[in-house]
Amino acid sequence: MPSAPINPLVNSLTQPPIPLVKAWAASYTGHQGPLIDLSQAVPDFQPHTELLRWLGESASDPSLLGYGVVEGEPVLRAAYAAHLSARYSGDIGAQNIHITAGCNQAFIASMIALASHGDNILMCDPYYFNHETTLSMLGIDVRYVHCPADNGFVPSTDDFADLIDGETRAIVLTTPNNPTGAIYPPELLRAFADLCRERGIWLVLDETYRDFLPEAKLQPHALFESMSWHENVIQLFSFSKSFCIPGHRLGAICASESMVAELAKVMDNIQICPPRAAQVAVARALPALQDWREENRKTIQGRAETLRSQAPLMAGWDVVAIGAYFAFVRHPFSADPVAVAQAMAEQCGVLCMPGVFFGDDNTEFLRFAFANVGSEALQELPQRLSKLGLQWSTAVGLSGGVAN
């Protein structure tokens, strides 16, 4: 008897990469010390105690047990709009905000609203793998623009312009970038916004990691200062990393009022409303915990500096790009990067993501989510990585390597 059919656009996708990488840790015996987990981007410090208290209060509030507004709780939409207006020197109102259950949901809702089967979206390579799989399962064509390592993985508007045609609906940029960590300059983002406006397409900016930029209160770009931003700019964000609450699944979209109305049509069929208790708690935290978030930014930038300081000691390894949360690191082996990453986990107790998970051509690279761990653990990397040398190369299928 034949099997019941499965959507081939879903069936052709690979399994989610995070569980695969996490499974490698089970084979690590602990002989090099505690596992250094540089894989999935997860804050290693707890939410502020006041936020935990507010979450508890909201979770036990009977008035928040029913369905909420599709676009999100009015109190969080207003608070986030005020936050964005101050951060970007723009005129952004609650009507421009749609709250979602995480930034991945913000992305899929935006893509459904913008494109359909046969349309195409332009993205950088390396890319965030959930962006790619989202578009693939929707049957939306993805056109990649290679961002070379020798330019710090920063994209060129000219390269994107060459790929725009009558079926192009949007350019998607992630800055600070996942996976490379690259931070795109404000003038470059302005050039992309201008290009999109000239060609009649959307610019979708995923700014999940903007709260971890190198400089305090740095304005990531000036796009919202323009009165015409709402015509073709959509911004995505996640509260997960900034407030250390990834399990509560809370993200946001900033767009024109008319686009928010279109997104509501999509979201009503995906989730009806985002989790309500977390929205109310974060609405209180946005203005109240700015100093705490700034201290977290300093902590993570301190970890970036630690990784930079250790780079010269990592013989044969090259930290090619490092930014707000991630580093893209060239490994010294001429081998399958998945095998390299697995060997690092099992032999060195260092867990990271192979570059090929972010594009097939990124065989030389690994992604280090350095913000996950403290500076003491990052200082162990040179010694740990030196263990992945010639004496193990035969066992794990590696060639090349560094001397002990």
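**Close-up views of a predicted model**

**View 1. Strand β13, residues 365-368, is covered on both of its faces.** In this predicted model, F365 and R367 lie on one side of the strand and are buried. L366 and F368 lie on the other side and are buried as well.

**View 2. Strand β13 pairs with strand β10 in the antiparallel sense.** Strand β10 covers residues 327-330, and 4 bridges join β10 to β13. Within this pairing, F328 stands opposite R367 of β13.

**View 3. Strand β12 pairs with strand β13, also in an antiparallel arrangement.** Strand β12 is made of residues 353-354 and is linked to β13 by 2 bridges. The bridge partner of M353 in β13 is R367. R367 is thus a residue to find in each of the views of β13: it is buried, stands opposite F328 and is the bridge partner of M353.

**View 4. Helix α12 runs from residue 290 to residue 310.** The helix has 21 residues, and at 1.5 Å a residue these should span 30 Å. The C-alpha atoms at its ends are 31 Å apart, which agrees with that expected span. Buried residues of α12 include W292, I300, A304 and L307. R293, R297 and R303 are also among the buried residues of this helix, as are N296, Q301, T306 and Q310.

**View 5. L9, V10 and M137 make a nonpolar surface patch.** The area of the patch is about 210 Å². V10 belongs to helix α1, residues 8-11. V10 counts as partly exposed because its relative accessibility is 41%, between the limits of 20% for buried and 50% for exposed.

Definitions and conventions:
Residues are numbered from 1 along each chain as its sequence is written. This is a predicted model: local features need pLDDT of at least 70, side-chain atom pairs count only at pLDDT 80 or more; totals for chains, interfaces and linings use all residues. Side-chain values use heavy atoms; hydrogens and water are left out. Buried means under 20% relative accessible area, exposed over 50%, partly exposed in between (1.4 Å probe, protein chains only). Helices (H or I, at least four residues) and strands (E, at least two) are DSSP runs, numbered from the N terminus. Two strands pair if DSSP finds at least two bridges between them. The expected span of a helix is 1.5 Å times one less than its number of residues. Patches are made of residues with over 30% relative accessible area and no salt bridge: like charges are joined within 9 Å, nonpolar side chains (Val, Leu, Ile, Met, Phe, Trp, Tyr) within 5 Å. Accessible areas come from the Shrake-Rupley method with a 1.4 Å probe; for residues, only the protein chains shown count as cover. A salt bridge is a side-chain nitrogen of Lys or Arg within 4 Å of a carboxyl oxygen of Asp or Glu.
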